[in-house]
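Welcome, and please open your viewer for a short guided tour. We will go stop by stop, with something to select at each one.

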Amino acid sequence: MILVKHRAYFWAVLGGIVLIGALLLWRAPDEQTLGTGIRSVYVHVAFTWTGMLGLVVAGLLGLIAYILRKRSLQEWSNSIAWLALASFLIGLVMSMISAAINWGAIFWQEPRTNSALQVLAVGLIVQLINGWLTSYRLKGLLAFLLSLFVIWSTSSTPLVLHPGNAASTSPSSAIRLTFLALFILCSLAAIWILIRVRLNRLEANSSPS
């Protein structure tokens, strides 16, 4: 009964975050060029930023786990990395939807699209390898190398068709604040899911076999 209440509480909080995000998106300002098409960009940026931040945090925890020989930190790193990749995947899908809405087509050769696909592919490969490895220190080191790859890929990929960073360079403070607010809500949702995942893992490990 207690577990059911906990699950109900989890879904209530998560639903509340989603509802706030939906209301914010509904009231979000349009952009002069894209019009209402910027709403898909809002969602794309929120999930992409959350995914990238999560991968970097997972990498830092992996490095600390490697240095301090802390298995628990590596386990947190692994959970964060999986959630980050899920968020990054949603952001990538939303970028394609946004391209179809605002450009009329998905340009697969666009450098930022290629970069996002590479990050997703490398991230999945690293996570699958980590599921096979037994050394938690090596797992942590691979997570850190993945975070370096994410940073390098993002910073070195040129902008061709992809617009600049409207989230920080837009002259409209309302647009900038909307980007920031949705990113915060997306990150809070990811953190809330992470807590539930880790609690489930602890409950599974502590239950008698």
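Start by selecting residues 111-132, helix α4, together with residues 136-156, helix α5. In this predicted model, the two helices pack at an angle of about 180°, and their axes lie 10 Å apart. Because of that angle, α4 counts as roughly antiparallel to α5; the cut-off for this label is an angle over 145 degrees.

Now show side chains where the two helices meet. On the α4 side, select Arg112, Ser115, Gln118, Val119, Val122, Gly123, Val126, Ile129 and Asn130. Their partners in α5 are Lys139, Leu142, Leu146, Phe149, Val150, Ser153 and Thr154. If you colour this contact by residue class, you will find 8 nonpolar, 6 polar and 2 charged residues.

Keep Lys139 of α5 in view, and add Gln74, which touches Lys139 as well as Ala65, Tyr136 and Gly140, leaving aside residues up to four places away in sequence. Gln74 sits in helix α3. Is Gln74 buried or exposed? Its relative accessibility is 6%, so Gln74 counts as buried; the limit for that label is under 20%. For one more view from here, draw a distance between the C-alpha atoms of Gln74 and Ala58: they are 16 residues apart along the chain and separated by 8.3 Å.

Next stop, a pocket. Select Val18, Phe47, Leu185, Cys186 and Ala189, the lining residues nearest the centre of the second largest pocket. The whole lining of this pocket has 20 residues, and the pocket volume is about 430 Å³. Which elements give two or more residues to that lining? They are α1 (2-26), α2 (38-68), α3 (71-102) and α7 (173-206), so colouring these four helices makes a handy backdrop. By class, the lining of the second largest pocket holds 17 nonpolar residues, 3 polar ones and no charged ones.

Finally, zoom out and switch to a cartoon of the protein chain. How many helices and strands are there? You should find 7 helices and 0 strands, and following the sequence gives the pattern α-α-α-α-α-α-α. Colour by burial next: of the 209 residues in the chain, 35% are buried. As a last display, draw the contacts with a separation of 6 or more; residues 24 or more positions apart account for 77% of them.

Conventions:
Residues are numbered from 1 along each chain as its sequence is written. This is a predicted model: local features need pLDDT of at least 70, side-chain atom pairs count only at pLDDT 80 or more; totals for chains, interfaces and linings use all residues. Side-chain values use heavy atoms; hydrogens and water are left out. On a 1 Å grid over the protein atoms alone, a cavity is a set of points where a 1.4 Å probe fits but cannot get out, and a pocket is an open set with protein on both sides within 12 Å along at least five of seven lines; lining residues have an atom within 4 Å of a point. Grid points are joined across faces, edges and corners, and a volume is the space filled by probe spheres set on the points. Ala, Val, Leu, Ile, Met, Phe, Trp, Tyr, Cys and Pro count as nonpolar, Asp, Glu, Lys and Arg as charged, and the others, Gly among them, as polar. Axes are lines fitted to C-alpha atoms, for helices over the stretch in contact, and angles run from 0 to 180 degrees between N-to-C directions. Angles under 35 degrees count as roughly parallel, over 145 as roughly antiparallel, 65 to 115 as roughly perpendicular and the rest as oblique. Contact means heavy atoms within 4.5 Å. Buried means under 20% relative accessible area, exposed over 50%, partly exposed in between (1.4 Å probe, protein chains only).
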